[in-house]
Amino acid sequence: GEGRGSGQRGRRRTSQRQSHGSPKSKASPRGASGRQCQRQQRGQGGQERSSGLSNPLVSLAPECPPLGLESLRVSDAQLRASSIQRYGLGAHRGRFNIQSGIHDGDMYDGGWCAAQKDQNQWLEIDARRPTRFTGVITQGLNSIWTYDWVTSYKIQFSNDTHSWQPCKNGSEEVVFPANKDPETPVLNAFPAPVVARYIRINPQTWFENGTICLRTEILGCPLPDPNNVYFWDNTPKTTDKLDFRHHNYKAMRQLMKKVNAECPNITRIYSIGKSYLGLKMVAMEISDNPGQHEVGEPEFRYVAGMHGNEALGRELLLNLMEYLCHEFEAGNPRVVRLVTETRIHLLPSMNPDGYETAYKLGSELSGWAMGRWTYENIDLNHNFADLNTALWDAEDNEMVPHKFPNHYIPIPEYYTFANATVAPETRAVIDWMQRFPFVLSANLHGGELVVTYPFDMTRTYWKGQELTPTADDPVFRWLATVYATTNLAMVDGDRRPCHCDDFAREGNIINGANWHTVPGKAVFSLLRALTSTLPPPPPPAFDGDYWRLLNPGEYEVTAKAEGYHPVTRWCRVSYEDNPTLCDFRLTKTPKQRLREILAKGGKIPKDLLLRLRQLRLRKLRRQRFPGHG
Ligand SMILES: [Zn+2]
């Protein structure tokens, strides 16, 4: 979900919006795709496929799921082509929904392109075992350079790559109608399922000003291979008792209720607000005393699904809830410590409307952008107030930190206007941040495998990329590194890069702004909470505990409060897991004591009167003889 240029966004979104006349369809993903297929065939009027439709077996034949060109379950080695224009347009790029690079130097483009323009070109997929093929989905090339797509193709099957059988409807070889633009996916179901190991897409015609380029997903059900027991079932299995499947809104709510029922003592479900369409934005709190801020326990939050169609983060948070509940019950010491010593808040879906849109259309036919934005087409990742500009302006005018604090920056006035383009989902999260003194938070996206840390916006306004560290850079780099080095997929040195960005060189972490600038992003919460030593103005019953994330070391810390003398002391942050306590005892200034006594209507003690008189004299002396006293 990250790493895509805003320049392309508009174009892609437009093509998506045109491609779906009725995004509110209630049909299941598979059902919807079947209908789209049929609609298209009718539109072709009297072509080969129309006779297939009259066969009731076609519409009744259950479609198989995607083989996994998009998900990478099909590896690069399983993809071959008759010819390729260049390596960056190789067969391994012919994957459904793959994206082009956005930089001039990016060698990878979004699709497979043949070197020649003739009807002998093919893209071959080796399913590695007997597979019942039921259909093919294609898209054109995704590129910032050219428009290319295939308008029709034939399909061939093989078990040995030597003899090939054409896909036929009766006695006639089928020519499938394909794409009309680069993005809109077109699904063609075969007249009847065919069992084979290899399948080829053989383009027949293509966009008149272009060349042969496509991206594809194959629908197929793997069958047990009687000759090879090792390929009978290679889907990864887990022994964890977690609910590994996609959860739509209703299923998500049910799962959260189930976790709450299983672990009522350490969980609490609450709503932080409502989406534009009125879905509750539900969060799960996990703590040994749910519903209470406990002094000395930092509050942490994970937010997922701000891009509604990025399903991974949502599922990870749902799994995390289940995991924390089960492991706490089982007495796992690490989980017990997390639950008893922190207060964890998990928001699995910040954009529930977007998720439902994507879910109803189904992953194959909805395209990467469908459901990414809110119902109002707002990208929540850019929707928070830009606090950076105010901070940097103040810094340029030497107002920081005395006249303008570098923490807890006020929300700009324009942002609070009723007509400001602020999504209800964004407002809900801001209110949430103001109600809870979060010490640390992270957002989960789909897409690139990398940890980004603030700032996310470049300081030089005309630059698209620029290293823009915060004052807390060491601690953010440390936190990012901890995540990146514990994630097994990220540590894997052989993993496949999406584009030319090789994040592995930098330990899979990057300063957000040094990747691409995003004003109004997570930075917001950083400037509102993270760099602050003080949480937002405490609610009446709030027992102040003030948190500051620091790397191990010695720090000189000053505590200040209005009406008190400031105190400075050294605090040592250790390598231990537990937080370092650094207590301060502040004494009231004489003026503050006087103010409090007068407010109560009490009598002023002699010692205080004396002290105040001394202070006044000293002040007068200073005014008359500057440089003394
Ligand atoms: Zn995203």
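**Group meeting: a walk through the predicted model**

Buried residues make up 36% of the 629 residues in the protein, and I should say at once that what we are looking at is a predicted model. The protein has 18 helices and 19 strands, and of the contacts with a separation of 6 or more, 74% are between residues 24 or more positions apart.

Let me begin with the sheet. Five strands form an open sheet, in the order β11-β12-β14-β13-β15, and the pairing in this sheet is mixed. The edge strands are β11, residues 267-274, and β15, each of which pairs on one side only. If we ignore direction, neighbouring strands of this sheet are turned by 20° against each other on average. Helix α6, residues 311-330, packs on the sheet and touches β11, β12, β13, β14 and β15, and the direction of α6 makes about 140° with that of β13.

Within that sheet I would like to spend a little time on β13, which covers residues 299-304. On one side, β13 is joined by five bridges to strand β14, residues 343-347, and these two strands run parallel; in that pairing, Tyr 302 has Leu 346 in β14 as its bridge partner. β13 also pairs with strand β15, residues 438-444, again in the parallel sense, over six bridges, and there Arg 301 stands opposite Ser 441 in β15.

Is β13, then, enclosed or open? Five of the six residues of β13 are buried, so the strand is largely enclosed by the rest of the structure; the cut-off behind the word buried is 20 or more other C-beta atoms within 10 Å.

The mixed character of the pairing can be followed in β14, because this sheet combines strands in a mixed arrangement: β14 runs parallel to β13, whereas strand β12, residues 280-286, is joined to β14 by three bridges and runs antiparallel to it. In the pairing of β12 with β14, Ile 286 stands opposite Ile 344 in β14.

Now for a strand in another setting, β18, residues 553-559. Seven bridges join β18 to strand β19, residues 567-573, and the two run antiparallel, with Tyr 555 standing opposite Cys 571 in β19. How many of the seven residues of β18 are buried? The number is zero, so β18 lies largely in the open.

From the strands I turn to a pair of helices. Two packed helices are described by the angle between their axes and the distance between the axes. Helix α17, residues 590-600, and α18 pack at an angle of about 130°, and their axes are 10 Å apart. That angle makes α17 oblique to α18, and the crossing of the two is left-handed. As for the residues that meet, Pro 590, Arg 593 and Leu 594 in α17 are set against Leu 608, Arg 611, Leu 612 and Leu 615 in α18.

Helix α18 itself, residues 606-624, has 19 residues and reaches 27 Å from its first C-alpha to its last, which is close to the 27 Å expected at 1.5 Å a residue. α18 is also hardly covered, since the count of buried residues among its 19 residues is zero.

Finally, some backbone details that I think this audience will want to check. Most residues other than glycine have a negative phi, and most peptide bonds are trans. Against that background, the peptide bond from Val 400 to Pro 401 is cis, with omega near 5°, and Pro 401 lies in the loop between α10, residues 388-396, and α11, residues 413-416. The peptide bond from Pro 454 to Phe 455 is cis as well, with omega near -5°, and Phe 455 is found in the loop between β16, residues 451-453, and α13, residues 473-486.

On the phi side, Arg 128 has a positive value of about 70° although it is not a glycine. Arg 128 is found in strand β3, residues 123-139, and with 18 other C-beta atoms within 10 Å, Arg 128 is partly exposed. Thr 161, likewise a residue other than glycine, has a positive phi near 65°; its place is in the loop between β4, residues 150-158, and β5, residues 165-166. Is Thr 161 buried or exposed? With 12 C-beta neighbours inside 10 Å, Thr 161 counts as exposed, given that the cut-off for exposed is 12 or fewer.

Technical notes
Residues are numbered from 1 along each chain as its sequence is written. This is a predicted model: local features need pLDDT of at least 70, side-chain atom pairs count only at pLDDT 80 or more; totals for chains, interfaces and linings use all residues. Helices (H or I, at least four residues) and strands (E, at least two) are DSSP runs, numbered from the N terminus. Two strands pair if DSSP finds at least two bridges between them. The expected span of a helix is 1.5 Å times one less than its number of residues. Two residues are in contact if their C-beta atoms, placed from the backbone, lie within 7 Å. Axes are lines fitted to C-alpha atoms, for helices over the stretch in contact, and angles run from 0 to 180 degrees between N-to-C directions. Angles under 35 degrees count as roughly parallel, over 145 as roughly antiparallel, 65 to 115 as roughly perpendicular and the rest as oblique. A crossing is left-handed if the near helix is turned anticlockwise from the far one by less than a right angle, and right-handed if clockwise.
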